[in-house]
Amino acid sequence: MNPQLTTGDLGDGTYRNPVLAADWSDPDVVRVGDDFYLTASSFGRAPGLPLLHSRDLVNWTLVGHALPRLEPAEAFATPRHDCGVWAPSIRHHAGRFWIFWGDPDHGIYQINSRSIRGPWSTPHLIKAGKGLIDACPLWDEESGEAFLVHAYAKSRAGIKNRLTGHRMSPDGRELLDEGKLLIDGDEIPGWFTLEGPKLYRHDGWYWILAPAGGVETGWQGAFRSRSFFGPYEERVVLEQGDTDVNGPHQGGWVRTGAGPDAEDWFLHFQQLGPYGRVVHLQPMRWDASGWPVLGHHGAPVRVHRKPALPVQPVTAPATDDDFPGGRYGRQWQWTANSREGWASSHAGDGLRLACVRSADGVSDLRRVPHLLTQRLPLLPSRVEVGLRLTSTTPGARAGLAVLGDAYTWIGLERGEDGTAQVVHRFAEGVADTERDAARPRPAPDGTARLRVDLTDGARCRLSADTGDGFLPSGQVFAATPWRWVGALLGLFAAAPPGQGPAGTALFTHFRITTA
């Protein structure tokens with residue numbers, strides 16, 4: 001894939017936002033030596049907590065995930081698309097990487113590792129409760145104390161627009177008090193949905209960088225106090241202004257080094273409907289009164305010079321996959337905790353998926369856990385994959401999906417007479433089951449090349465080639481997000497309920513190219 005599809009590096013010493021042009025939601029970042037590491041919300045997909053690496057804050061690669069399975073495991077045996085891992089924070093302390101996050105239904109978790117590539121510790125529940133989200137720790141090198149701040153989800157906690165702080169044990173395993181309200185957004189005129197706090201110590205101040213105003217239209221706030229427990233004063237440090245970047249907020253501050261030439265930068269998201277939350281990079285400086293100034297005088301930049309760091313190759317998180325030996329790349333996530341046997345290794349290339357028997361697999365893909373997904377690209381693109389339906393089970397099907405609150409898919413299905421057909425189906429957001437988007441047509445040898453052409457606004461034209469060229473199928477489908485998660489591309493294989501194995505499907509040569 002052309003790296004320019006998902007990176008903002010213009011190759012001339014400048015970059016164009018977004019630097020991550022896909023749904024890397026609620027980013028946070030940390031520097032360790034010459035390396036920068038970013039993590040993001042992964043919600044109900046597994047593995048969770050993606051880990052990205054960069055040397056220049058513009059060119060990023062996906063190096064792994066910190067959470068092989070979501071916990072508690074039984075809660076994520078089936079899809080819970082908007083639940084799970086919300087707004088993680090990543091830090092480096094005492095020679096270890098630390099990630100804290102809130103699960104809105106269970107509480108605040110922590111994991112840690114000596115290496116970014118793991119192994120990571122088992123998730124530890126540091127504070128149980130409903131609606132506890134967006135947790136961030138701080139190890140204060142000046143006082144030797146450790147602290148934690150978090151926000152609230154009104155849908156579970158009954159309250160929002162507040163940030164609570166705790167003293168924390170230095171090992172990050174327990175909170176040492178009942179917590180104190182640090183900031184009440186209801187007391188600040190015009191502020192609402194205060195959330196996503198990131199906690200820092202700088203220039204003698206405790207700093208909380210936190211967004212407010214809602215996902216699509218909000219702003220970035222900064223709060224400072226001489227004491228962790230307040231009182232805090234506030235300022236808006238980034239807002240849309242006269243730009244086309246709506247809701248520029250929620251992310252992390254990072255410094256490029258420790259010396260006098262070090263620069264400050266801020267990574268945040270922009271909500272873009274079906275594409276989810278794409279990631280922008282803003283320059284950051286400090287004004288005469290010691291407050292941060294983000295972007296261009298507090299408004300987001302679209303094009304800017306790159307950070308003053310060694311030049312790096314133009315890279316982006318991988319999307320293409322030949323599935324060598326049947327293995328899928330790091331860019332893929334299941335829609336729930338995976339189970340043994342869904343994908344199997346073999347001597348050649350190609351993803352061999354079992355046609356898992358379930359009623360949902362033949363009626364509603366949104367309820368299917370054995371669906372392998374990756375993020376929808378922001379720029380107009382062409383998505384292609386080869387498919388061979390080797391299953392002979394009547395009703396077995398496999399295909400390429402565009403998944404969200406509504407969804408569509410195109411693929412192959414085995415008929416009662418043993419023949420294979422190209423099928424194209426969809427389900428509206430309000431529908432409980434899918435239906436035909438086009439009339440089925442024969443696939444004589446049980447193979448097809450599947451395609452989704454994505455244009456502006458995530459409008460999707462599906463087509464299939466069974467040997468006589470690509471033929472468009474059905475109406476154009478407008479991809480839709482879930483409430484918090486952008487639309488996804490997915491591969492699946494399924495079969496009706498019944499006894500015994502239902503065979504397999506083989507996917508080959510998955511590609512995303514600029515349209």
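Is tyrosine 206 buried or exposed? Tyrosine 206 is buried, since its relative accessible area is 5% and buried means under 20%. Keep in mind that this is a predicted model. We'll come back to that tyrosine after a look at the whole chain.

**The chain as a whole**

Strands are what you'll see here: the chain has 38 of them, plus one helix. Along the principal axes, the C-alpha atoms fill a box of roughly 75 × 50 × 45 Å. The radius of gyration is 23 Å, which agrees with the value near 24 Å for a compact globule of 515 residues. Buried residues account for 61% of those 515.

Now for the contacts. Taking those with a separation of 6 or more, 59% are between residues 24 or more positions apart. On the outside, the chain exposes about 19400 Å², and 50% of that comes from carbon and sulfur atoms. As for charge, there are 52 positive and 58 negative side chains, with the centres of the two sets 3 Å apart.

**Aromatic pairs**

How many aromatic pairs does the structure hold? The count is 24. A ring pair is described by how far apart the centres are and by the angle between the planes. Here are two of the pairs:

| Pair | Centre distance | Plane angle | Type |
|---|---|---|---|
| Phenylalanine 100 and tryptophan 139 | 6.2 Å | 65° | edge-to-face |
| Tyrosine 206 and phenylalanine 228 | 6.1 Å | 65° | edge-to-face |

Why do these two count as edge-to-face? Their planes are at 65° in the one pair and at 65° in the other, and the cut-off for edge-to-face is over 60 degrees.

Let's take the phenylalanine 100 pair. Phenylalanine 100 sits in strand β7 (residues 96–103) and tryptophan 139 in strand β10 (residues 132–139), so the pair ties together parts that are 39 residues apart in sequence. Both phenylalanine 100 and tryptophan 139 are buried.

Back to tyrosine 206, then. This residue is in strand β15 (residues 205–212), while its partner phenylalanine 228 is in the loop between β16 (219–225) and β17 (233–238). The pair links distant parts of the chain, 22 residues apart. Phenylalanine 228 counts as buried too, at 2% relative accessibility.

There's also a cluster to look for: ring pairs link Tyr200, Trp207, Trp253, Trp286 and Trp291.

**Backbone oddities**

Most peptide bonds are trans, and most residues other than glycine have a negative phi. Some spots in this chain go the other way.

Start with the peptide bonds. Glutamate 71 and proline 72 are joined by a cis peptide bond, with omega about -5°. Proline 72 is in the loop between β5 and β6. A cis bond also joins glycine 230 and proline 231, where omega is about 5°. Proline 231 belongs to the loop between β16 and β17, and that loop also holds phenylalanine 228.

Then there is phi. Leucine 49 isn't a glycine, yet its phi is positive at about 55°. You'll find leucine 49 in strand β4 (residues 48–54), and it is buried, with a relative accessible area of 0%. Histidine 509 has a positive phi as well, near 50°. Histidine 509 lies in strand β38 (residues 504–514), but it counts as partly exposed, at 43% relative accessibility.

**Two loop residues**

Alanine 73 is in the loop between β5 (61–67) and β6 (86–93), the loop that holds proline 72. With a relative accessible area of 23%, alanine 73 is partly exposed. What separates the C-alpha atoms of alanine 73 and threonine 61? A distance of 28 Å, for residues that are twelve apart along the chain.

Valine 362 makes an interesting companion to look at. It sits in the loop between β26 (356–357) and β27 (371–375) and is partly exposed, at 25% relative accessibility. The C-alpha atoms of valine 362 and glycine 395 are separated by 8.0 Å, although the two residues are 33 apart along the chain. Leaving out residues up to four places away in sequence, valine 362 touches Gly395, Arg397, Glu434, Ala495 and Pro496.

How values were computed
Residues are numbered from 1 along each chain as its sequence is written. This is a predicted model: local features need pLDDT of at least 70, side-chain atom pairs count only at pLDDT 80 or more; totals for chains, interfaces and linings use all residues. Side-chain values use heavy atoms; hydrogens and water are left out. Helices (H or I, at least four residues) and strands (E, at least two) are DSSP runs, numbered from the N terminus. Buried means under 20% relative accessible area, exposed over 50%, partly exposed in between (1.4 Å probe, protein chains only). The radius of gyration is taken over C-alpha atoms; the globule rule is 2.2 Å times the number of residues to the power 0.38. Contact means heavy atoms within 4.5 Å. Accessible areas come from the Shrake-Rupley method with a 1.4 Å probe; for residues, only the protein chains shown count as cover. Lys and Arg count as positive and Asp and Glu as negative; His and the chain ends are not counted. The place of a charge is taken as NZ of Lys, CZ of Arg, CG of Asp or CD of Glu. Rings of Phe, Tyr and Trp (its six-membered ring) pair if their centres lie within 6.5 Å; planes under 30 degrees apart count as stacked, over 60 as edge-to-face and the rest as tilted.
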